[in-house]
Amino acid sequence: MNRTSHRWAAVSGAAVLAITLAACGGADAGTTSEGGESSSASGSVSVDGSSTVYPMSVAAQELLNEENPDVQVTVGEAGTGGGFEVFCQGQTDISDASRPIEEDEVAVCEENGVEYTELQVATDALTVAVHPDLAVDCLTTDQLIELVGPKSKVTNWSDLDPSFPDQEISFFFPGTDSGTYDYMAADVVGDESETLRDDVESSEDDNVLVQGVGGTEGAVGFFGYTYYEENQDTLKALSIDDGNGCVEPSAETAQAGEYTPLARPLFIYVNNAKYADNAATAAYVDFYIENLAEIAEIGQFIPLSDELYSETQSNLESLGS
């Protein structure tokens, strides 16, 4: 997969990247490089999962690399579902997720003896984007559901609203392994089938979706806010009206609870046993959480509120004990 150059790194286009990381954390939660133990950590760490959370994991790598080049971290972006599939088999140390783990995934983890800790790392503003020349600026939540839901018959923007242009619609959606897909289907559309319309171009690579929407007249797609923010010159973000007027996606509106229902939490899931047994895994996770606000900002995500960050710190301390 090809990935655009993010402002925090120049990353080669590959689905799974072997990246040399350094970590300032340690085997004990809250330890920093000044404590000595974490700065000497070495070994390998495997991370896979959400393409939305992926930029944060790579942003963390950029910050950590100068501190300790002896921790080898492989970062993949198979999608949230794909990440949990290997995580619950015990094949990865950390799973990036743009939704909470689901019951069937929990059951697989339990079957394989994989105990884990959920750590919220940021907030995202899931963004519905269109071709920049499209004369549509805002959708109500009901219109969004009508547009993307599994029973949708909408193929032209004027089908959705007579005041919208007579323009055929092309759809670019995340793949079904994506947590972004799951969130739109289950939490926004809320259909019992938890699916979306299937007459779409789909990809687990958000940059493919960005290119499709930006290069196709009448197109619409959705992905994490990061991908819109990096490509504002080729995309237009739609505001969403959930009954209180049109609200644009942004860090401010998501954190304030105004951008509903598309603001969502982002997570990493940590294998408890691998955290306890692998100093490199502990070092990476500790540093990730200790420097979370900076990592979220570099990755262009919305930092946690003080209350949410305290909860994440508490969960990490429980993991360390």
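This report covers the fold, one helix, the salt bridges, a charged patch and some local backbone features of a predicted model.

## Basis of the model

Because the model is predicted, local features need pLDDT of at least 70 and side-chain atom pairs count only at pLDDT 80 or more, while totals for chains, interfaces and linings use all residues. Residues are numbered from 1 along each chain as its sequence is written, and side-chain values use heavy atoms, with hydrogens and water left out.

## Overall fold

The protein has 13 helices and 14 strands. These are DSSP runs, numbered from the N terminus: helices are H or I runs of at least four residues, and strands are E runs of at least two.

The protein holds 321 residues, and 54% of them are buried. Buried means under 20% relative accessible area, exposed means over 50%, and partly exposed lies in between (1.4 Å probe, protein chains only). Contact means heavy atoms within 4.5 Å. Among contacts between residues at least 6 apart in sequence, 76% join residues at least 24 apart.

About 13,100 Å² of the protein is exposed, and carbon and sulfur atoms supply 41% of that area. Accessible areas come from the Shrake-Rupley method with a 1.4 Å probe; for residues, only the protein chains shown count as cover.

## Helix α2

Helix α2 spans residues 80-87 and is mostly covered. Of its 8 residues, 6 are buried. They are T80, G81, G82, G83, F84 and F87.

These buried residues pack against both helices and strands. The helix partners are α3 (103-111) and α6 (179-189). The strand partners are β2 (43-49), β4 (94-97), β5 (116-125) and β14 (263-271).

## Salt bridges

Side chains of opposite charge can pair when their charged atoms come close. A salt bridge here is a side-chain nitrogen of Lys or Arg within 4 Å of a carboxyl oxygen of Asp or Glu. By this rule the count is 7.

One of them joins K274 and D93, at 3.7 Å from N to O. K274 sits in helix α10 (residues 272-277) and D93 in the loop between α2 and β4, so the pair ties together parts 181 residues apart in sequence. K274 is partly exposed, at 23% relative accessible area. D93 is buried, at 6%.

R99 and D182 also form a salt bridge, at 2.6 Å from N to O. R99 is in the loop between β4 and α3, and D182 is in helix α6; the two are 83 residues apart. Both R99 and D182 are buried. K236 and D137 pair as well, at 3.1 Å from N to O. K236 belongs to strand β11 (residues 236-237) and D137 to the loop between β6 (127-130) and β7 (138-140), so this bridge ties together parts 99 residues apart in sequence. K236 is buried at 19% relative accessible area, whereas D137 is exposed at 52%. Salt bridges with shared partners also join R99, E102, E105 and D182 into one network.

## Negative patch and strand β12

D142, E146, D159, D166 and D242 gather in a surface patch of negative charge. Patches take residues with over 30% relative accessible area and no salt bridge; like charges are joined within 9 Å, and nonpolar side chains (Val, Leu, Ile, Met, Phe, Trp, Tyr) within 5 Å. Lys and Arg count as positive and Asp and Glu as negative, while His and the chain ends are not counted. A charge is placed at NZ of Lys, CZ of Arg, CG of Asp or CD of Glu.

D242 lies in the loop between β12 (239-241) and β13 (246-247). D242 is partly exposed, at 36% relative accessible area. S239 is in strand β12 and is buried, at 8%. Beyond its neighbours within four places in sequence, S239 contacts D137, C138, L139, C246, V247 and E248.

## Local backbone features

The peptide bond from T260 to P261 is cis, with omega near 5 degrees. P261 is in the loop between α9 (251-255) and β14. E194 has a positive phi, near 50 degrees, in a residue other than glycine. E194 lies in the loop between α6 and β9 (201-203) and is partly exposed, at 44% relative accessibility.

Q255 belongs to helix α9. Q255 is partly exposed, at 46% relative accessibility. Leaving aside neighbours within four places in sequence, Q255 contacts I302, P303, L304 and S305. The C-alpha atoms of Q255 and A122 are separated by 10.0 Å, with their positions 133 residues apart along the chain.
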